[in-house]
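Here are a few short exercises to work through with the structure open beside you. Try each task before you read its solution.

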Amino acid sequence: MTTDSGDTTATTTTATTTVGDAPTTDASGTGGTRRHTALPKARTLVEALPWLTRHHGKTVVVKFGGNAMVDEELKAAFAQDVVFLRHAGLKPVVVHGGGPQISRQLDRMGITSEFKAGLRVTTPEAMDVVRMVLAGQVQRELVGLLNQHGPLAVGLTGEDAHLMTATKHYADMDGERVDLGRVGEITAIDPGAVQALLDDGRIPVISSIARSADDGHVYNVNADTAAAALAVALGAETLMVLTDVEGLYEDWPHSDEVISRLTASELERLLPELASGMVPKMEGCLYAVRNGVTTARVIDGRVQHSILLEIFTDEGIGTMVVPDPEGQS
Ligand SMILES: Nc1ncnc2c1ncn2[C@@H]1O[C@H](COP(=O)(O)OP(=O)(O)O)[C@@H](O)[C@H]1O
Ligand SMILES: CC(=O)N[C@@H](CCC(=O)OP(=O)(O)O)C(=O)O
């Protein structure tokens, strides 16, 4: 590895112990291989080389679910991973959730809320709370954690620079059209502001609320749906969804067998059987891989450094959705 100045000779060292029974040599450097005690660290870095090469310059949309934000250590490790991606030459974009945080605040304020078809029924009063918690609390906290590593993160909501435009969404429950209040579905994305931030080396952190062009109201958009739409609009290579389970369980809640890899068509066949929070997540993954994103992954955000494990090692740790092979769908 070279130093910032590009000088590879100035930092050589003669000290240290040798490890194992490998041939050693004197400080002159003749006659064999010298091993430094820190060699395993170098090996770990070198192991990441094929992945660094593969992902260099690629955009990765990381969705950080509210349920995965369980403790301070995990949030700090998440921020380290995202900053690491950025310094490794990738272009990470964070879309965050905050479902449990919104529910807590609504409870505190005595506002009842319920979920239908995996989405929060959102009254205008609840919408004010959603906006305050997502943009004013969760997003600010993540921006703060990322910026402990440098002037990198910039927070936005879908309202900024027309990033996301929404229209009122109605759920389909057993063939019936159900009114969910101020729940929006995305009708347009203008990724210009996010792209400009990426080009400037920043890490955009996005809250999933959007204004409607029809009635001017602000709408609550599920964060998985927003992340998938953004990944497509940015031409991202990867959509990575961090949640509070190991991945997509084959027979939830009866078994904890995780499906490690499936194609778009396989996922499409499974969709009608899925429940609650997994519905928007897997619909988002399907939409992403059907529209140009190379892989969509659901991984366990409760595992420290899960992003690095997923991107830079062979041990994929969750569920990976890939497009159908050419000619099949
Ligand atoms: N097939 C499944 N595999 C895994 N989790 C499932 C499945 N079906 C439903 N779930 C539920 O979906 C939840 C994840 O969605 P959600 O609670 O919205 O998380 P997040 O806040 O990360 O978006 C899991 O904790 C689990 O309770
Ligand atoms: C419409 C809808 O359900 N919006 C979500 C937005 C936050 C979110 O998606 O957070 P998670 O990713 O943590 O679930 C909500 O109000 O909870």
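A polar contact here is a pair of N or O atoms within 3.5 Å. Keep in mind that this is a predicted model.

**Exercise 1.** Find out which polar contacts Gly 66, Arg 120 and Ala 223 offer to ligand 2.

*Solution.* Begin with the surroundings: 15 residues surround ligand 2, and the closest are Lys 63, Gly 66, Arg 120, Asn 220 and Ala 223. Next, take Gly 66, where a backbone N or O atom lies 2.8 Å from an oxygen atom of the ligand. For Arg 120, look at the side chain instead: one of its N or O atoms is 2.7 Å from an oxygen atom of ligand 2. Ala 223 uses a polar backbone atom, 3.0 Å from a ligand oxygen. Finally, consider the surface: ligand 2 taken alone exposes 430 Å², and the protein buries 93% of that.

**Exercise 2.** Describe the annotated domain and what the chain looks like across residues 58–300.

*Solution.* Start from the record: an unreviewed UniProt entry lists residues 58–300 as "domain: Aspartate/glutamate/uridylate kinase". Then turn to the model, where this stretch is 37% helix and 30% strand. Its end C-alpha atoms are 22 Å apart.

**Exercise 3.** Judge the confidence of the prediction, and say where pLDDT stays under 50.

*Solution.* First, the chain as a whole: the average pLDDT is 89, and 90% of the residues score at least 70. Second, the scores for the model are ipTM 0.96 and pTM 0.89. Third, the stretch in question: pLDDT stays under 50 over residues 1–29, for which the model has 28 contacts beyond four places in sequence.

How values were computed: Residues numbered from 1 in each chain as written. Chains lettered and ligands numbered in written order. Predicted model: local features only at pLDDT ≥ 70, side-chain atom pairs only at ≥ 80, totals over all residues. Heavy atoms only, no water. pLDDT = per-residue confidence, 0-100. Contact = heavy atoms within 4.5 Å. UniProt positions renumbered as here; feature names shortened; annotations may be inferred. Helix = DSSP H or I, 4+ residues; strand = E, 2+ residues; numbered from the N terminus. Near = heavy atom within 4 Å. Polar contact = N/O pair within 3.5 Å; in protein donor to acceptor, adjacent residues only side chain to side chain. Areas by Shrake-Rupley, 256 points an atom, 1.4 Å probe, with all protein chains shown as cover.
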